[in-house]
Amino acid sequence: MTDKQALDTENQVDKMPEKLSILPLFDATLFPKMVLPLVVMQGESIQLIDEAMSKNRIIGLLVSKDKEMKSSYSREDLYEVGTSALILKMAKTEDNKAQLLVQGLSRFRIKEVIEEQPYLKVHAELIKENEEKDKETEALMSNLVGLFTRVVELSPGLQPEIAGMARSIKEAGTLADMITSSINATSEEKQKILETADIKERLKDVTRLTNYQLEILELGSKIQTQVKGDMDKRQREYYLRQQLKAIQDELGEKEEGTVEVEEYRAKIEEKNLPEEAKKEAERELDRLSKMHPSSAEYTVVSTYIDWITTLPWNETTKDNLDIKKAEKILDEDHYGLEKPKKRIIEYLAVRKLKPESKGPILCFAGPPGTGKTSLGQSIARALGRKFVRISLGGVRDEAEIRGHRRTYVGALPGRIIQSLRRAESKNPVFMLDEIDKVGSDFRGDPSSALLEVLDPEQNYSFQDHYLDVPFDLSNVMFITTANILDTIPPALRDRMEVLQLLGYTEDEKIKIAQRYLIPRQREAHGLNSGQIKFTKGAVKRIISGYTREAGLRNLEREIATICRGVAAKIATGDSESVDIKIVNISKYLGSIKITSEAKARTMTPGVTMGLAWTPTGGDLLFVEATAMKGKKGLTLTGQLGDVMKESATAALSFIRANALSLGIEENYFESHDIHIHVPAGAIPKDGPSAGVTMLTALASLLTNKPVKKDLAMTGEITLRGQVLPVGGVKEKVLAAHRAGIKTLILPKFNAKDLEDIPKKVQKDIEFHFVDKMRDVLKLAIEK
């Protein structure tokens, strides 16, 4: 810039023409005192330049809101605040373009538009800046210069001299404008700085922009340094490896990778793999020998070969075929459970006569705490086999069973193959726990994958996705456990031999507690037989007064509570030994938690005891009926399901149809409403087996005669008064025995279900088998 141009600029800074011609910008922003080269192509804009050059050479520059070039602009297309500029130089090219060099003069704001054609002319208002400095302003300027200096150092596109120029500027506003025009900021961000008249606010905004730019540049520099360092490291490693290879060749040594390949080759030969597995292992070994040990694929292939060579393809354990010894081991570990024990002995007998026979696939089904899992361990001990267990509860991914394909990062075989590797034997006792709780979602259905595992006709060639070669599971003895069978898919249930493990009777629980639970808890709490003793009556009281369950878990928990209390007394020196009797149980367990409601609740007409099946065993079910003045209404409460509601309706219809023969007035129902309620209202209930109970409750209410004491019943009814068979009879009978019921009314077709009921239970309870509802009422209602 010449001295004359500088003088012209100084003279024009505070002047604003009456009519300011506006030149739109769409890819640049000019700040006061900054110089900007421009290229003008449109005819209207060139006309504007010619007119300005013939007068005072001052034009207004406003940034377009739209980034695309237009033929004409209105006030709405442009920002309100811009920069007045002096044209320093202008030259026209042969293709009718004008090249300009302009210098910013001052900020202005549009007051009104005078003309829009052929180009925009406006009345503009000069925006004055207050250049007074204080300590805060100087601090902001100093910080901003420091940040900008670092930006210049990290930006190859900025000349180093520009940092010195920034340090020489004394005006705060000019410094902010100069740095904003130099850094890489968007046109919107620059426009915001242009519109900020307050010097301190402008300095703060520019500091934020500069700091952000500096963070990006520093991160880019860090990435560049890291990439360069990685490249240098790889080149260095390559050079060193080549040197190491040369040294090993001179010494006659082999590379690490070569040694590993030879070791794997020897393992494959020793393992005597099946033909298909051997072929796959050798193919992968050939691939491994051609890879560099540092490559990622090398680890994947070596892991696969490692799995192939460590699986028990031919390793087995010898079965204990001494049937008497096996019987003794099973009896030592578990009391009762005659059916599962008998089945294991039968399997041993067959193995003794035909050693190549396949392993059975058993399913132990029953309530929690009945010994299903521990029985599997006992079977393994009796057979002399390894025992492995996996829990299927909550498993939703098919890959948990079959494994992941090797294309996935971190792929592994499924849990079946993993467990066999841990067992180091191809014929363990393999327990699949909680098979009734397997789920399914978008990842697949594990129960479908189990179809192959649990089918003796297919599992001799089980193919895990990871191994991709068949593995023989036919020698494995699979045992599954379940609380309920209904949730197991029919195809899967069909592959298993189901053995029901019913709940224990009170006598069985007493014997199990004395033989197994008390000694185990005594040892667990550091006590000996001389320090704590349980009387038979005390054990019986714990069972009847503190637990109500088909299994034994709560019983063992209560025994553990007593042992802890006794251990505390002995440890503090309060006692040397304690005898647990009925009278002192409450000191350790508190007051009795469970009392029998049977006698108290059935003394009233309209109350009957039924029996219900639950996943945790059987339970008592009370049905209450009452009548009130009304008009033939029937109300049902207690969270009853649709089937149970229909049973109540059928029961009422039968009584109304047979009112005279039952001793009920015919017009009684015209003026009364009936309400049937099943207590424990928070628990949903459903099923047809409460039909007999509901009908008896209604008959008791309407005849005003109570049901006999200690009597319970179950059965489905029809409108004709027939009693139909129901399920879960074994669990229901044991629940009735636990509750002290003396008389049971069951459907005639369920008489066969008593075969599995312990003799002691059959002796303690009087059973009546009926097929007609009238027989039920004769047996149940007091005369």
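Q: Why does D205 count as buried or exposed, whichever it is?
A: In this predicted model, D205 has a relative accessibility of 10%. Buried means under 20%, so D205 counts as buried.

Q: What about R208, its salt-bridge partner: what makes it buried or exposed?
A: R208 comes out at 53% relative accessibility. The cut-off for exposed is over 50%, so R208 goes down as exposed.

Q: How do you know that R208 and D205 form a salt bridge?
A: Their closest N and O atoms are 2.2 Å apart. A salt bridge needs a Lys or Arg side-chain nitrogen within 4 Å of an Asp or Glu carboxyl oxygen, so this pair makes the cut. Both residues sit in helix 7, three residues apart, which is about one turn of the helix.

Q: Why is the contact between K19 and E115 called a salt bridge?
A: Here the N to O distance is 3.9 Å, and the limit is within 4 Å, so the pair qualifies. K19 lies in the loop between helix 1 and strand 1, and E115 is in strand 5, so the bridge ties together parts that are 96 residues apart in sequence.

Q: What makes K19 partly exposed?
A: Its relative accessible area is 46%. Buried is under 20% and exposed is over 50%, with partly exposed in between, so K19 gets the middle label.

Q: How do you know whether E558 is buried or exposed?
A: E558 has 12% relative accessibility. With buried set at under 20%, E558 is therefore buried.

Methods
Residues numbered from 1 in each chain as written. Predicted model: local features only at pLDDT ≥ 70, side-chain atom pairs only at ≥ 80, totals over all residues. Heavy atoms only, no water. Helix = DSSP H or I, 4+ residues; strand = E, 2+ residues; numbered from the N terminus. Buried < 20%, exposed > 50% of the residue type's maximum accessible area, 1.4 Å probe, protein only.
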